Amino acid sequence: MSAGAGGPGSALPSVDLSAASRFVAASGFVVTEVSGTRVAGHVDMGPDQHTPWGVVHGGVYCTVVESAASIGASAAVLDRGQFAVGVNNSTDFLRPVTTGRVDVLAEPIQQGRTLQLWLVTLTRSEDGKPVARGQVRLQNVPLPGSPQ
């Protein structure tokens, strides 16, 4: 995906970790699939994401949930000269993880003219067991520089 922030039909900004802010890059979320109805990827969890007690910090899950939903919701409205911003993130932590790959899948529950609701699930790659899930409500807003 190429960087861009023009009007309708522009490409999404790059979702590659090398182009991400330091905060987003620290989550380790690698995006492998993007559309307006599905975002998939993974995170390799380890000591860089741990709390002082040696388990993955819940903030990592919140960040990945927000990122996946925002990418998909923005892809869904890009052709309208819009992108999506989170207005609520509710993430549940289901089981602790210390290390290993976690698969990420985001899909819309509802996509409207002004608001969207996305469900994001994070599962352990080794056995498919869920480790976290989140819902993100997003508002569709004009891209910077787009006519209102």
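# Reading a predicted fold, feature by feature

Q: Where is the place of Ser146?
A: Ser146 lies in the segment after S6. Names such as S6 follow a simple scheme: helices (H or I, at least four residues) and strands (E, at least two) are DSSP runs, numbered from the N terminus. Residues are numbered from 1 along each chain as its sequence is written, and this is a predicted model, in which local features need pLDDT of at least 70, side-chain atom pairs count only at pLDDT 80 or more, and totals for chains, interfaces and linings use all residues. Side-chain values use heavy atoms, with hydrogens and water left out.

Q: Is Ser146 buried or exposed?
A: Relative accessible area decides: buried means under 20%, exposed over 50%, and partly exposed in between (1.4 Å probe, protein chains only). Ser146 has a value of 10%, so this residue is buried. You can also compare sequence with space here: Ser146 and Lys129 are 17 residues apart in sequence, while their C-alpha atoms are 42 Å apart.

Q: How much confidence does the protein have on average, as pLDDT?
A: pLDDT is the predictor's confidence in each residue, from 0 to 100. The average here is 91, and 92% of the residues score at least 70. Residues 1-8 fall below 50, although that stretch has 25 contacts (heavy atoms within 4.5 Å) beyond near neighbours in sequence. Where pLDDT is low, the predicted coordinates should not be read in detail.

Q: How do I read strand pairing, and how many bridges join S4 to S5?
A: Two strands pair if DSSP finds at least two bridges between them. S4 (residues 100-111) and S5 (residues 115-124) run antiparallel and are joined by nine bridges. To find your place, start from Asp103, whose bridge partner in S5 is Thr123. A hairpin of three residues connects S4 to S5.

Q: In which sense do S5 and S6 pair?
A: S5 and S6 (residues 130-142) pair in the antiparallel sense, over nine bridges. Leu115 has Gln139 as its bridge partner in S6. These two strands also form a hairpin, with five residues between them, and Gly128 in the turn has a positive phi of about 75°.

Q: How many salt bridges does the structure hold?
A: Side chains of opposite charge can pair when their charged atoms come close. A salt bridge is counted when a side-chain nitrogen of Lys or Arg is within 4 Å of a carboxyl oxygen of Asp or Glu, and this structure has five. One of them joins Arg38 to Glu107, with the closest N and O atoms 3.8 Å apart. Arg38 belongs to strand S2 (residues 38-45) and Glu107 to S4, so this pair ties together parts 69 residues apart in sequence. Arg38, at 31% relative accessible area, is partly exposed, and so is Glu107, at 37%. Glu33 joins Arg38 and Glu107 in a network of salt bridges.

Q: Which side chain does Asp92 meet in a salt bridge?
A: Asp92 pairs with Arg133, at 2.8 Å from N to O. Asp92 is in strand S3 and Arg133 in S6, so the link spans 41 residues of sequence. Another salt bridge, at 2.5 Å, brings Asp127 and Arg124 together. Here the accessibilities fall in two classes: Asp127 is partly exposed at 35%, whereas Arg124 is buried at 19%.

Q: How many aromatic pairs does the structure hold?
A: Rings of Phe, Tyr and Trp (its six-membered ring) pair if their centres lie within 6.5 Å; planes under 30 degrees apart are stacked, over 60 edge-to-face, and the rest tilted. There is one such pair. The ring centres of Tyr61 and Phe93 are 6.0 Å apart with planes at 40°, so the pair is tilted. Tyr61 is in helix H2 (residues 58-77) and Phe93 in S3 (residues 82-93), 32 residues apart. Tyr61 is buried at 3%, while Phe93 is partly exposed at 48%.

Q: Which residues have the most contacts inside the largest nonpolar core?
A: A nonpolar core is a set of buried Ala, Val, Leu, Ile, Met, Phe, Trp, Tyr and Cys residues joined through side-chain atoms within 4.5 Å. The largest one here has 26 residues, and those with the most contacts inside it are Phe29, Met45, Tyr61, Val104, Val120 and Leu122. S2, H2, S4, S5 and S6 each give at least two residues to this core, and the largest share, eight residues, comes from H2. Try clicking on Val104: leaving out residues up to four places away in sequence, its contacts include Phe29, Val43, Val64, Ala68, Val120 and Leu122.
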